[in-house]
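Thank you all for coming. I would like to take you through one structure this morning, beginning with how its chains meet and then moving inward.

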Protein chains: 2
Amino acid sequence: MTDPVVTDPVLTYALGQEPRLIAALKALVACPSVGADPAMAQGMEDARQLVESRLTAMGFRNCQRLTPVDGSGEPAIYGERLDAPGKPTILVYAHYDVQPSDPLEKWDSPPFEAVERNGRLYGRGISDDKAPMLIALDTLAAFVAVDGKLPINVKLLIEGEEETGSPSLPKILETHGALLSADAVLSADGARWRPDLVALNIGSRGNAGLEVRVQTAAQDLHSGRYGGIVANPLHVLSGLIASLHDAQGHIAAAGFYDGVTEPTQAERDEIAAIPFDQDQTFSAIGASPYGEAGYSSLERLWMRPTVEVNGMWGGYTGAGSKTVIPNEAFAKLTMRLVPGQDPQRAKQAVMDHFQAQLPPEATLEFSGHRGQGGAYAVPAQHPLLGAAVAALEQTTGQTPLKVRIGASLPLTEIVARVLGLDTVMFSFALSDENFHAPNEFFRLSSIPEGLAAWVQILREIAALSPADFAPYRRK
Amino acid sequence: MTDPVVTDPVLTYALGQEPRLIAALKALVACPSVGADPAMAQGMEDARQLVESRLTAMGFRNCQRLTPVDGSGEPAIYGERLDAPGKPTILVYAHYDVQPSDPLEKWDSPPFEAVERNGRLYGRGISDDKAPMLIALDTLAAFVAVDGKLPINVKLLIEGEEETGSPSLPKILETHGALLSADAVLSADGARWRPDLVALNIGSRGNAGLEVRVQTAAQDLHSGRYGGIVANPLHVLSGLIASLHDAQGHIAAAGFYDGVTEPTQAERDEIAAIPFDQDQTFSAIGASPYGEAGYSSLERLWMRPTVEVNGMWGGYTGAGSKTVIPNEAFAKLTMRLVPGQDPQRAKQAVMDHFQAQLPPEATLEFSGHRGQGGAYAVPAQHPLLGAAVAALEQTTGQTPLKVRIGASLPLTEIVARVLGLDTVMFSFALSDENFHAPNEFFRLSSIPEGLAAWVQILREIAALSPADFAPYRRK
């Protein structure tokens with residue numbers, strides 16, 4: 001094993017810039033770029049401007065905001081350095097938007113102020129994915145500073161709608177297909193699985209989502225004057241949600257599993273061989289193992305689809321009590337999908353199930369359809385996957401385990417579908433860093449690990465040629 | 001039938017004061033006396049001060065605020081005029097607190113500004129029960145103005161916790177039992193059933209309530225990284241709520257119906273004889289008939305208990321979507337009880353049911369226990385009921401139908417239990433006036449109807465003696 005700190009001048013430079021990286025990260029976390037909340041539009045714009053000024057300072061060219069032709073949605077940021085004729089062209093992906101910060105009261109420090117505690121920086125979006133994005137950008141900046149150029153051609157695509165399901169991304173890719181053409185996609189988003197294992201993500205689940213509204217009357221009613229003679233929409237909606245899973249944890253919506261293949265014995269054996277401490281996993285989150293009968297936890301997480309209620313509400317939810325029968329009730333649902341499932345078909349199965357279960361006293365409306373995408377898996381022999389394996393072997397001395405994630409990276413499926421390209425996820429977040437939850441954090445120790453790996457993967461890609469990627473380019 | 005407008009000088013005076021009554025009502029509605037919301041404490045205090053200055057102006061004596069010995073809770077207002085030695089003493093009841101006004105966006109005019117439209121005054125608490133309370137007070141004021149005194153002895157008790165389940169009332173009655181001693185209670189709260197029928201309420205359902213919290217993990221979790229391997233508290237709570245009723249609409253909690261007697265055939269016949277336009281009732285609220293199999297709508301409403309979820313929430317409920325598995329979910333429940341049910345026992349049955357249905361991956365907590373009370377029915381031969389029947393016959397020319405209400409008047413059960421007294425409900429609200437819902441209103445035409453009936457019932461009581469009440473006084 002080589003010692004990259006000593007032998008690679010670009011990495012040496014990048015590591016020397018760590019204090020600047022941390023300062024830039026704090027400034028970026030201070031932009032509340034919550035794309036789901038229209039009230040946070042200024043935070044989105046502030047984040048865009050920080051990223052754009054950084055790209056300009058790094059000598060990126062042709063910088064622009066990409067929006068679909070109709071101009072709607074949050075723009076993605078584009079910039080390129082095509083410094084290496086004859087070398088591969090890699091589209092590097094990240095996103096500048098973050099999840100909402102509520103429930104605010106559960107944060108130990110303000111979500112939009114990066115605060116260091118015990119070797120960790122806390123803040124909304126710091127791990128998903130502002131720190132991983134800056135690790136990628138600082139790597140590129142270090143090559144430019146030391147060598148005056150990049151060893152490969154790089155196009156950057158930094159999206160603003162990842163946390164809301166990337167609704168505009170397909171159109172952005174379609175509209176700007178020529179600009180974005182590349183040999184493969186390398187994502188700074190996606191997360192390493194565990195601190196104790198060197199691993200590469202080779203697949204992710206798809207997703208889809210919608211909002212459900214149940215109505216039973218024209219207005220709220222007094223629970224004494226009408227209690228017993230009208231349907232309660234919270235009872236109705238509870239019944240619909242309770243009917244989604246059977247007693248074995250299988251999803252009861254007819255057609256939901258269409259296209260899903262059972263894991264093969266080889267796949268099950270491969271998964272069973274991965275070190276996984278179930279007790280530690282569940283005690284860390286204060287929960288008990290749970291799920292579909294007949295599958296292990298990792299099989300449930302990687303190979304089986306889900307439907308989850310992410311939020312539900314109706315009636316009086318303030319202080320004290322109110323004797324009301326509400327006239328409407330709401331739920332937000334998302335599903336996670338596995339290879340073989342069509343997102344629209346899976347979502348339709350859930351909607352049809354609700355409609356079929358609905359009692360005659362209630363009406364049902366669907367809205368809030370999220371951007372959706374199928375599951376994705378990178379081909380086992382893909383050259384960018386090989387480069388990622390080699391980079392991790394070089395910088396960690398270990399051969400990475402190939403794992404999947406239960407989460408979705410809509411990018412991977414969209415990029416495959418629209419641009420015909422494969423994506424390797426090369427984030428240096430860790431999956432225990434409270435993404436989408438209070439007290440999200442990023443380990444400071446992941447910064448040098450990430451810089452080393454990103455320097456090395458660029459060198460590995462520089463040793464490849466565009467012809468190596470040609471068999472995998474489907475468009 | 002006599003014509004009370006011409007023959008009764010007290011009523012003539014009272015009717016002449018209507019503009020003043022309406023001005024006083026507008027001032028009272030402008031006090032946001034929402035007892036459930038600690039942020040509205042000033043509205044509660046403002047309402048108290050308006051009522052107290054009115055009592056002082058009417059020559060009421062011994063005016064004071066009644067709180068339990070420990071001093072907690074919203075005080076009740078007390079005042080008395082013991083003008084008629086040898087005549088019955090009546091405790092007149094009303095309440096100055098109102099329901100919360102949300103959902104605010106469904107109001108056509110501001111809830112705490114009484115606005116007149118089409119012969120109705122709109123505002124939160126105007127019908128429940130600020131206008132009915134002022135009708136009672138103006139009647140008493142008219143006797144004082146015309147005769148210089150009341151024809152009977154009156155003690156006023158104006159409560160501040162009716163809408164939150166009267167949690168302090170039992171202690172107030174116990175603590176101030178001697179001060180409040182009377183022959184019977186006449187309530188300005190309670191509501192007439194329908195505009196098209198002259199009726200008297202002879203019974204009300206009891207109630208109890210609590211809040212439920214389900215927890216499945218120590219913190220919110222990402223629906224991709226944990227979806228499929230942890231229990232979702234919204235699914236668990238939905239399952240608990242869905243399990244509360246069976247397919248026939250019966251409540252499935254074992255022991256909940258303990259003590260409930262089936263309506264007799266005579267009772268069912270009596271109820272069936274009451275004119276009730278089911279189509280009109282349900283089309284007015286935009287709902288469909290619904291309820292427990294084997295009972296008519298009126299039987300469901302008057303003779304059968306209920307459990308209703310008044311509010312439910314958990315997870316992300318803001319704009320857009322958030323792919324979270326929440327770690328906790330909440331519901332507020334209240335139940336309506338019928339004669340024979342013990343409120344504590346009925347509530348315990350629901351709690352036991354939830355605990356028994358709870359999957360092992362979740363924990364359950366109960367809190368927010370409301371003030372509670374059993375159902376109540378006034379004895380058929382009670383002299384105050386007789387006076388009420390006579391007053392309505394005199395002022396409407398019709399014999400009132402004896403009906404029940406599905407709602408609760410905690411007062412009736414508490415007064416019976418603590419003071420051993422019976423209560424007649426003599427409100428001039430109408431039950432379609434959007435109590436506890438947006439756009440609550442009070443018909444202006446109910447003011448002269450109410451003043452006439454209240455003048456007359458005081459005259460009817462004046463024709464009775466305390467001895468007539470003695471057989472019904474249980475303490």
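In this predicted model, 80 residues of chain A are in contact with 80 residues of chain B. Which elements of chain A give two or more residues to that side? They are strand S10 (221-222), helix H7 (233-242), helix H10 (297-303), strand S11 (306-315), strand S12 (324-325) and strand S13 (328-337). Of these, S11(A) supplies the largest share, with nine residues. If we sort the side of chain A that touches chain B by residue class, we find 30 nonpolar, 36 polar and 14 charged residues.

How are the two copies arranged with respect to each other? Chain A can be laid on chain B with an RMSD of 0.1 Å, by a turn of 180° and a shift of 0.0 Å along the axis, and the two copies are thus related as by a two-fold rotation axis. As for the surfaces involved, 100% of the interface residues of chain A are also interface residues in chain B, so the copies meet through the same surface.

One part of that interface can be described helix by helix. Two packed helices are described by the angle between their axes and the distance between the axes. For H7(A) and helix H7 (residues 233-242) of chain B, the angle is about 120° and the axes are 8 Å apart, and H7(A) passes H7(B) in a left-handed crossing. On the chain A side the contact is made by Leu234(A), His235(A), Ser238(A), Gly239(A), Ile241(A) and Ala242(A), and on the chain B side by Leu234(B), His235(B), Ser238(B), Gly239(B), Ile241(B) and Ala242(B). By class, the contact of H7(A) with H7(B) divides into six nonpolar, six polar and no charged residues.

Let me now turn to the organisation within chain A. The domain assignment gives domain 1, which covers 4-204 + 376-472, and domain 2, which covers 213-367. The C-alpha centres of these two domains of chain A lie 32 Å apart, and the contact between them takes eight residues from domain 1 and seven residues from domain 2. On the domain 1 side, the largest share, three residues, comes from strand S16 (residues 401-405) of chain A. The residues on that side of domain 1 of chain A comprise four nonpolar, two polar and two charged.

Next, two helix pairs that each lie within a single chain. In chain A, helix H3 (residues 18-29) and helix H5 (residues 126-147) pack at an angle of about 140°, with their axes 10 Å apart; H3(A) and H5(A) are therefore oblique to each other. Their crossing is right-handed. From H3(A), the residues that meet H5(A) are Leu21(A), Ala24(A), Leu25(A), Leu28(A) and Val29(A), and their partners in H5(A) are Ile126(A), Lys130(A), Ala131(A), Leu134(A) and Asp138(A). This contact of H3(A) with H5(A) has eight nonpolar, no polar and two charged residues.

In chain B, the axes of helix H5 (residues 126-147) and helix H14 (residues 446-462) come within 9 Å and cross at roughly 50°, which makes H5(B) oblique to H14(B). H5(B) passes H14(B) in a right-handed crossing. The residues of H5(B) that take part are Pro132(B), Ile135(B), Ala136(B), Asp138(B), Thr139(B), Ala142(B) and Phe143(B), and they meet Ile447(B), Gly450(B), Leu451(B), Trp454(B), Val455(B) and Leu458(B) in H14(B). Counted by class, the contact of H5(B) with H14(B) has 10 nonpolar, two polar and one charged residues.

I will finish with some backbone details that you may wish to look at on the screen. Most residues other than glycine have a negative phi, and most peptide bonds are trans. Against that background, the peptide bond from Asp102(A) to Pro103(A) is cis, with omega near 0°, and Pro103(A) lies in the loop between strand S3 (89-95) and strand S4 (115-117) of chain A. The bond from Asp128(A) to Asp129(A) is also cis, with omega near -10°, and here Asp129(A) lies in helix H5 of chain A. Finally, Ala191(A), although not a glycine, has a positive phi of about 80°, and this residue lies in the loop between strand S7 (184-187) and strand S8 (199-204) of chain A.

How values were computed
Residues are numbered from 1 along each chain as its sequence is written. Chains are lettered from A and ligands numbered from 1 in the order in which they are written. This is a predicted model: local features need pLDDT of at least 70, side-chain atom pairs count only at pLDDT 80 or more; totals for chains, interfaces and linings use all residues. Copies are superposed by least squares on the C-alpha atoms of residues with pLDDT of at least 70 in both. Two residues are in contact if their C-beta atoms, placed from the backbone, lie within 7 Å. Domain bounds come from an automatic or database domain assignment. Helices (H or I, at least four residues) and strands (E, at least two) are DSSP runs, numbered from the N terminus. Ala, Val, Leu, Ile, Met, Phe, Trp, Tyr, Cys and Pro count as nonpolar, Asp, Glu, Lys and Arg as charged, and the others, Gly among them, as polar. Axes are lines fitted to C-alpha atoms, for helices over the stretch in contact, and angles run from 0 to 180 degrees between N-to-C directions. Angles under 35 degrees count as roughly parallel, over 145 as roughly antiparallel, 65 to 115 as roughly perpendicular and the rest as oblique. A crossing is left-handed if the near helix is turned anticlockwise from the far one by less than a right angle, and right-handed if clockwise.
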